[in-house]
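Visitor: Please take a close look at a single part of this structure, and say what lies around it and how the parts fit together.

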Amino acid sequence: MQRPVPTAPVVLFTGNYGSGKTEVAVNYTAHFARMGTKVKIADLDLVNPYFRCREARDELTALGVEVIAPGGEYHNADLPILLPQVRGSIETEGGLTVLDVGGDSVGATVVSSLVTSFAKGHYEMFFVLNKSRPFTGTVEGALRLIREVEEGARLPVTAIVSNTHLIEETTPEMVADGIVFAQEVAAAKGVSFAFVAAMRFLFDDPVLANLDVPILPMERMLLPPWRQKVTGRQVTHTRDGWGRISN
């Protein structure tokens, strides 16, 4: 089974709301950390207070990942805080830096303030594509959103990541269809297909047994607020990739 390989020292994850880009970014980071790579991940999602990579800070730190995001009293703050360490991580050689960028063109504008730090060939900007979302269900719609992200970031998208899903309703057939669609979008855009991401248990299905593309099997590392830890109880992950609260 092929796995993603780093093709640049800085990797940005972009995508529209509901694409699952943050879950992919966090799992991508964890994947390379487990392989022994020195990894940093920076939370650049300054517009969405939910599903930010900082919510997986404890799990990533335990893997040796440096999480660049507001901490302490600002951990849950819905404020546009861009830490100065972000630019330093982009410009420093050694290891892998992952940037989780806010959804679509509005969220991508934060990247434009850092554009001078990206040397030519120094980065990859992935667009995470979920065919199940309303505005990315056609090649034309996906290309339109990609162009909007590029305009906001002032950087070109370099590769497409397939992450077609309907959360717990995701099927192996849906994942397979999403791969074909993502490859069509990549060809139309003139960029590469990076890899397919999906919950790990889905790859046990025969439908996905013989994929000839890089695969990122994921575990659920982010939960919506209504499924997160509560006082005196602990969230445990279930096979469907969501969580169950137990005493």
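Guide: Two residues are in contact when they have heavy atoms within 4.5 Å of each other. The model is predicted: local features need pLDDT of at least 70 and side-chain atom pairs pLDDT 80 or more, while totals for chains, interfaces and linings use all residues. Numbering starts from 1 along each chain as its sequence is written, and side-chain values use heavy atoms, without hydrogens and water.

The part chosen here is helix α4, residues 104-112 (helices are DSSP runs of H or I of at least four residues, strands runs of E of at least two, both numbered from the N terminus). One neighbour of α4 is helix α5, residues 139-153. Asp-104, Ser-105, Ala-108, Thr-109, Val-111 and Ser-112 of α4 meet Glu-148, Val-149, Gly-152 and Ala-153 of α5. The two axes come within 6 Å and cross at roughly 30° (axes are lines fitted to C-alpha atoms, for helices over the stretch in contact, with angles from 0 to 180 degrees between N-to-C directions). α4 and α5 therefore count as roughly parallel, the term for angles under 35 degrees.

Helix α4 also packs on the sheet, where it touches β1, β2 and β4; its direction makes about 140° with that of β4. The sheet is open and has eight strands in the order β3-β2-β4-β1-β5-β6-β7-β8, with parallel pairing (two strands pair if DSSP finds at least two bridges between them). Its edge strands are β3 (66-68) and β8 (215-218), each paired on one side only.

Within the sheet, β4 is joined to β1 by four bridges and to β2 by six. Leu-12 has Leu-99 of β4 as its bridge partner, and Ile-41 stands opposite Val-98 of β4. Six of the six residues in β4 are buried (under 20% relative accessible area, with a 1.4 Å probe and protein chains only). Leu-96, Val-98 and Asp-100 point one way from β4, and Thr-97, Leu-99 and Val-101 point the other way.

The loop between α4 and β5 holds Ser-117. Ser-117 counts as buried because its relative accessibility is 6%. Leaving aside neighbours within four places in sequence, Ser-117 is in contact with Arg-87, Ile-90 and Glu-91. With Glu-91, the Ser-117 side chain makes a side-chain polar contact of 2.7 Å (a pair of N or O atoms within 3.5 Å; within protein, one must be able to donate a hydrogen and the other to accept it, and residues adjacent in sequence count only if both atoms are side-chain atoms).

Definitions and conventions
Buried means under 20% relative accessible area, exposed over 50%, partly exposed in between (1.4 Å probe, protein chains only). Angles under 35 degrees count as roughly parallel, over 145 as roughly antiparallel, 65 to 115 as roughly perpendicular and the rest as oblique.
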